[in-house]
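Let's take a walk through a protein model together. Have a look at the picture first, and then we'll go hunting for empty space and for strands.

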Amino acid sequence: EEAVTYTHTKDYYPYLNLTTQDTLILPINIDVELSVESLRDLNLKSNYFYIRLKEAYYTKSDSVYITKSLDTIKTDVMNYVQLIYPESDQTFIGGVYFDGKINDSTYQYTNSLFEGVLPHKWDLRNYPFDNQQLKIRFRALEDSSYISLNVTKLYSPSLSNDFPDLMDGFSVEGISFKKRYLTDLFSMIETSEGIQRNLVVEEIIFLVDIDRKGSFLYFKLFFGAFLSFIISCLVFFISRNLFETRITLSLGGIFGAVGNKYFVESAMPEIQVLTKADLIN
């Protein structure tokens, strides 16, 4: 049989004419670096927070590759990976800096600055002793067979030493990351003759761990409930002959507890899960 002399053709995804003589290896690996410089506007009443960060991308591929068949393939990382953020008039993206190569021309890297708001879904099941994870997502714009994302091993994800604009009561504890695959139900790619599948892209999610110092908040929220409990206990120390006084104190404790419940709910967004605050009330 005649030997196969190609690995990819323009007829199928990713529509590149590569032969066994080409040195371009797929998928193209792009490493992501993140440095968080500022955080603020973390508020229960808002589903967004402000962040300023620096992002950098590393790859061992040159920004342009010429195949043996003289086709030009652009492997500029900015065309294949994107920070996911909502469009807003508060968004600012600094100039994209092409900083050339490092480590004896092993890596090609690019960095830029981002300032803006990112969405946050509050997890309040343990409120007011809850911890939050702020998510920063980087997503590949091509199928995982073409572009693969990873966190760079050159530099660990980093956080500023201080976040003076973060609301009192919150503290930044650390940063971690995870990787996942997303299936695009509206995009199909043809991988070989008569075979199609959905586009599958990779996503790197950085998780900034936020701890809440809940002791004072706990006292502040449930001080009224504590008073109601004390008033209710005092009823047992009043003579049975003073029936009206006992009833008055009991009703006062009930109304105090109910009022404290609504005070706690007014301090929280409307959620559909049972929280520790509900159980305490």
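To talk about a pocket, we lay a 1 Å grid over the protein atoms alone: a pocket is an open set of points where a 1.4 Å probe fits, with protein on both sides within 12 Å along at least five of seven lines, and lining residues have an atom within 4 Å of a point. Its volume is the space filled by probe spheres set on the points, which are joined across faces, edges and corners. This is a predicted model, where local features need pLDDT of at least 70, side-chain atom pairs count only at pLDDT 80 or more, and totals for chains, interfaces and linings use all residues. Residues are numbered from 1 along each chain as its sequence is written, and side-chain values use heavy atoms, leaving out hydrogens and water.

So, the largest pocket: its volume is about 460 Å³. It is lined by 19 residues, and His120, Lys121, Trp122, Asp123 and Lys135 are the closest to its centre. Strand 11 (131–140) is one contributor to the lining (strands are DSSP runs of E, at least two residues, numbered from the N terminus). In fact, strand 11 gives the largest share, six residues.

Now follow strand 11 into an open sheet of four strands, ordered 7-11-15-14 with antiparallel pairing (two strands pair if DSSP finds at least two bridges between them). Strand 7 (81–83) and strand 14 (170–192) each have a single partner strand, so one side of each lacks a neighbour in the sheet. Between strand 7 and strand 11 there are three bridges, and one of the pairs is leucine 83 with phenylalanine 138 of strand 11.
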